[in-house]
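Colleague: I'm new to this one. Could you walk me through it in plain words?

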Amino acid sequence: MIEDKITFDRFIRWMIVLAMTVAGIWMLGRLSSVLLPFAVAWLLAYMTYPLVCFVQVRLRVRSRILSIILSMLAILLVLAAFLALIVPPLIEETTRLARLTTVYFHDVLEKTNLSTYLEEQLTSLAAGDSLMSLAQQNTFVEFVQALALQVWNLLASTVNLALGILGTFIVLLYMFFILLDYEKISNGWVGLIPQGKRHFATMVVEDVKKGMNAYFRGQALVAFCVGILFCIGFLIIDFPLAIGLGLFIGLLNMVPYMQLIGFVPTILLAIVKSAETGENLWIILLCALAVFAVVQLIQDMYLTPRIMGQVMGLNPAVILLSLSVWGSLLGIMGLIIALPLTTLLLSYYKRFVLKEDNNGEKDEAKEKKNA
């Protein structure tokens with residue numbers, strides 16, 4: 001094989017490509033706040049596109065605009081129905097939790113005589129001399145500064161809320177226009193790739209898309225099952241805010257092992273329940289930990305191997321190893337991309353190193369068969 005010589009012209013082209021790459025990364029960093037709504041809108045459009053096609057083809061709605069509107073209305077109706085089933089129990093349990101918290105802190109104030117102490121301090125501060133002396137102290141100045149900071153935070157949160165509503169409207173607007181010409185946009189990027197690199201680029205994009213589709217479908221199913229199991233377990237032990245806590249932990253499970261964050265609200269709710277019922281705190285925590293242990297065992301021994309193994313085509317041992325390795329290297333982001341990236345790497349290893357085609361048969365064996 002004759003190696004290509006490095007000429008001055010080739011060196012200049014490499015430098016130009018490198019400079020354009022660096023400039024592109026810098027531009028992405030500068031425009032990240034502007035591009036983020038478009039990226040979110042593209043993800044939503046990507047998830048909604050099959051429903052739009054179903055409405056347009058199966059229901060024979062010829063107008064693409066009407067198909068998009070009907071699809072978005074259908075999604076809103078499903079979300080509204082889901083919230084109608086979930087919100088009333090959550091409101092009831094939240095009211096119960098607020099009542100338990102009030103009782104708990106009332107008992108704490110009574111047992112520690114803190115209420116009497118606060119009453120005495122407020123009575124002493126009611127005198128004019130005390131107020132004047134307090135105004136001359138640094139603590140009062142610090143109090144005023146803290147109060148001003150709280151007011152400023154309130155105004156900032158109000159502005160952020162308004163910007164959030166505006167951002168949501170912009171995302172929906174982006175989503176609508178992306179869905180109008182989804183086929184042209186999704187297929188038009190190939191024209192930006194040089195002719196000789198289009199096949200490889202298309203192959204990579206298709207493989208990544210298939211891997212991410214399979215991963216998110218499987219992980220969403222696992223998270224849903226885990227959330228339902230947690231709800232059932234918390235209801236069995238009569239835990240406060242059982243449905244809300246179970247669904248919250250299930251949502252956290254979209255990122256593997258992120259449900260461990262659910263220990264924090266679980267401990268707080270256990271303390272509140274112990275204060276209301278008089279039960280032993282350690283027994284309540286032991287019951288809650290038993291729910292975590294049983295659900296985690298079901299998830300690791302059955303749900304993840306059966307669902308993710310079937311969807312991703314990976315052995316359960318490879319799944320656990322992949323999550324451990326990529327999670328250690330990249331943290332939370334590594335846990336999210338672990339299985340799709342592992343599947344992609346194994347696929348390319350078989351395709352380019354072992355020279356296997358999509359059916360798992362080596363090219364050499366195919367040639368011998370053809371001969």
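**The aromatic cluster and what surrounds it**

Modeller: Let's start with a cluster: Phe230, Phe234, Phe239, Phe263 and Phe292 form one aromatic cluster. Bear in mind that this is a predicted model, where local features need pLDDT of at least 70 and side-chain atom pairs count only at pLDDT 80 or more, while totals for chains, interfaces and linings use all residues. Residues are numbered from 1 along each chain as its sequence is written, and side-chain values use heavy atoms, with hydrogens and water left out.

Colleague: How many helices and how many strands are there in the chain?

Modeller: Both are DSSP runs numbered from the N terminus, with helices (H or I) needing at least four residues and strands (E) at least two. Along the sequence, the pattern is α-α-α-α-α-α-α-α-α-α-α-α-α-α. The count is 14 helices and zero strands.

Colleague: What share of the residues of the chain counts as buried?

Modeller: Buried means under 20% relative accessible area, exposed means over 50%, and partly exposed is in between, using a 1.4 Å probe and protein chains only. The chain has 371 residues, and the buried share is 25%.

Colleague: Which helix gives the most to the largest nonpolar core?

Modeller: A nonpolar core is a set of buried Ala, Val, Leu, Ile, Met, Phe, Trp, Tyr and Cys residues joined through side-chain atoms within 4.5 Å. The largest one has 30 residues, and Phe230, Phe234 and Phe239 have the most contacts inside it. Several helices supply at least two residues each, among them helix 8 (198-236), helix 9 (242-252) and helix 12 (316-330). With nine residues, the top giver is helix 11.

Colleague: Which residues does phenylalanine 234 touch, leaving out those up to four places away in sequence?

Modeller: Contact here means heavy atoms within 4.5 Å. On that basis, the partners of phenylalanine 234 are Phe239, Ala242, Leu245, Gly246, Ile249, Val291 and Phe292.

Colleague: Why is the pair of phenylalanine 230 and phenylalanine 292 called stacked or edge-to-face?

Modeller: Rings of Phe, Tyr and Trp (its six-membered ring) pair if their centres lie within 6.5 Å; planes under 30 degrees apart count as stacked, over 60 as edge-to-face and the rest as tilted. Phenylalanine 230 and phenylalanine 292 are both buried. Their ring centres are 5.0 Å apart and their planes sit at 65 degrees, so the pair is edge-to-face.

Colleague: How far apart in sequence are the parts that this pair of phenylalanine 230 and phenylalanine 292 ties together?

Modeller: Phenylalanine 230 belongs to helix 8 and phenylalanine 292 to helix 11, so the pair links parts whose separation in sequence is 62 residues.

Colleague: And tyrosine 49 with tyrosine 182: what is the angle between the planes?

Modeller: Tyrosine 49 is buried, and tyrosine 182 is too. These two tyrosines form a stacked aromatic pair, with 4.2 Å centre to centre and an angle between the planes of 20 degrees.

Colleague: Which helices hold tyrosine 49 and tyrosine 182?

Modeller: The pair ties together parts that are 133 residues apart in sequence, because tyrosine 49 and tyrosine 182 lie, in that order, in helix 2 (residues 32-58) and helix 7 (residues 182-188).

Colleague: What follows helix 10?

Modeller: Helix 10 covers residues 263-277 and reaches 21 Å from its first C-alpha to its last, close to the 21 Å expected at 1.5 Å a residue (the expected span is 1.5 Å times one less than the number of residues). Its buried residues are Thr266, Leu269, Ala270, Val272, Lys273 and Ser274. After helix 10, with a positive phi near 80 degrees, comes glycine 278.
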